[in-house]
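Welcome to a short tour of charged pairs and helix packing. Have the sequence and the model open side by side as you read.

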Amino acid sequence: MITKYGLEIVVITLVIAAAILVLCYLYIEREWLRWLIAVTAIVFVALVLNFFRDPQRRTPTEENIIVSPADGTVVLIKEVYEADYLRSEALQVSIFMSPLNVHVNRFPISGEVGFFKHIEGEYIVAFDDKSSERNERTLIGVENNGLKILFKQIAGTVARRIIAETKVGDKAEIGKRFGMIRFGSRVDVIMPKGTLLSVQLNDKVRAGETILGRFPKSSQGTRQ
């Protein structure tokens, strides 16, 4: 399955590759060169299809969980003060998405979108901790019966477009797709202090499936 966020690019890539193959057949006499160009075009198409793939995911049905909004590797876990939405001490988990990962992003909890902000910025490497505050990024906050989390889509050196099809007032559903970041990036998930983490550094996570953590016991009466 190909994500709708990359369908246009996939179609353009297929058309260009088909044109290259036809031109090779018509105008290049040297067989080895014809094969080289053809293989290169096919490999490029395969890479584009791989990047824009959008596999189905099974989201856990447990209560009070926070699932990963992105595929990738946990590169940072730290305590922070979140001033934009939670306005309190919090716990941050950062996920680095390589160009080989699935790049479709999914809501980490259910609730209502209570905060949305897009910030222009730089394009330093996404695994650098400074990218969280310096790179182009989109901040999305979701609230569920008083429980808030904030997650950031952060552009990297190669990623130059962030897609977030949501706005303040929208209903968020845990595990549901809402956007993507093209060609390598990072997602920060900022959770209330006291969240019981289920991941550690260097863990591989999958969007909509991997449980990052659980809300504190004092909040377990809240349903998602």
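Counting by the distance rule for charged side chains, this predicted model has nine salt bridges. Side chains of opposite charge can pair when their charged atoms come close. Three of these bridges are set out here with their N to O distances.

| Salt bridge | N to O distance |
|---|---|
| Asp 54 and Arg 106 | 3.7 Å |
| Arg 214 and Glu 62 | 2.8 Å |
| Glu 112 and Lys 171 | 3.4 Å |

Let's start with Asp 54 and Arg 106, whose side chains meet in a salt bridge. Asp 54 sits in the loop between α2 (31–51) and β1 (65–67), while Arg 106 belongs to strand β4 (residues 104–106), and the two are 52 residues apart. Are these partners buried or exposed? Asp 54 has a relative accessible area of 3%, so this residue is buried, the limit being under 20%. Arg 106 is buried as well, at 5% relative accessibility. The pair does not stand by itself: shared partners join Asp 54, Arg 106 and Arg 177 into one network of salt bridges.

The loop between α2 and β1 also holds Glu 62, the partner of Arg 214 in strand β14 (residues 211–214). This pair links parts of the chain that are 152 residues apart. Arg 214 is partly exposed, with a relative accessible area of 29%, and Glu 62, at 40%, is partly exposed too.

Next come two strands. Glu 112 lies in β5 (residues 111–119) and Lys 171 in β9 (residues 171–172), so their salt bridge ties together parts 59 residues apart in sequence. Glu 112 is partly exposed at 37% relative accessible area, whereas Lys 171 is exposed at 64%.

Now to the helices. Two packed helices are described by the angle between their axes and the distance between the axes. How do α1 (residues 7–27) and α2 fit this description, and at what angle do their axes cross? The axes come within 10 Å and cross at roughly 170 degrees. Because angles over 145 degrees count as roughly antiparallel, that is how α1 runs relative to α2.

On the α1 side, the contact is made by Ile 9, Val 10, Thr 13, Leu 14, Ala 17, Ile 20, Leu 21, Cys 24 and Tyr 25. Helix α2 answers with Arg 34, Ile 37, Ala 38, Ala 41, Phe 44, Val 45, Val 48 and Leu 49. Sorted by class, the contact has 15 nonpolar residues, one polar and one charged.

Conventions: Residues numbered from 1 in each chain as written. Predicted model: local features only at pLDDT ≥ 70, side-chain atom pairs only at ≥ 80, totals over all residues. Heavy atoms only, no water. Salt bridge = Lys/Arg side-chain N within 4 Å of Asp/Glu carboxyl O. Helix = DSSP H or I, 4+ residues; strand = E, 2+ residues; numbered from the N terminus. Buried < 20%, exposed > 50% of the residue type's maximum accessible area, 1.4 Å probe, protein only. Axes fitted to C-alpha atoms, helices over the stretch in contact; angles between N-to-C directions. Parallel < 35°, antiparallel > 145°, perpendicular 65-115°, else oblique. Contact = heavy atoms within 4.5 Å. Nonpolar A, V, L, I, M, F, W, Y, C, P; charged D, E, K, R; others polar.
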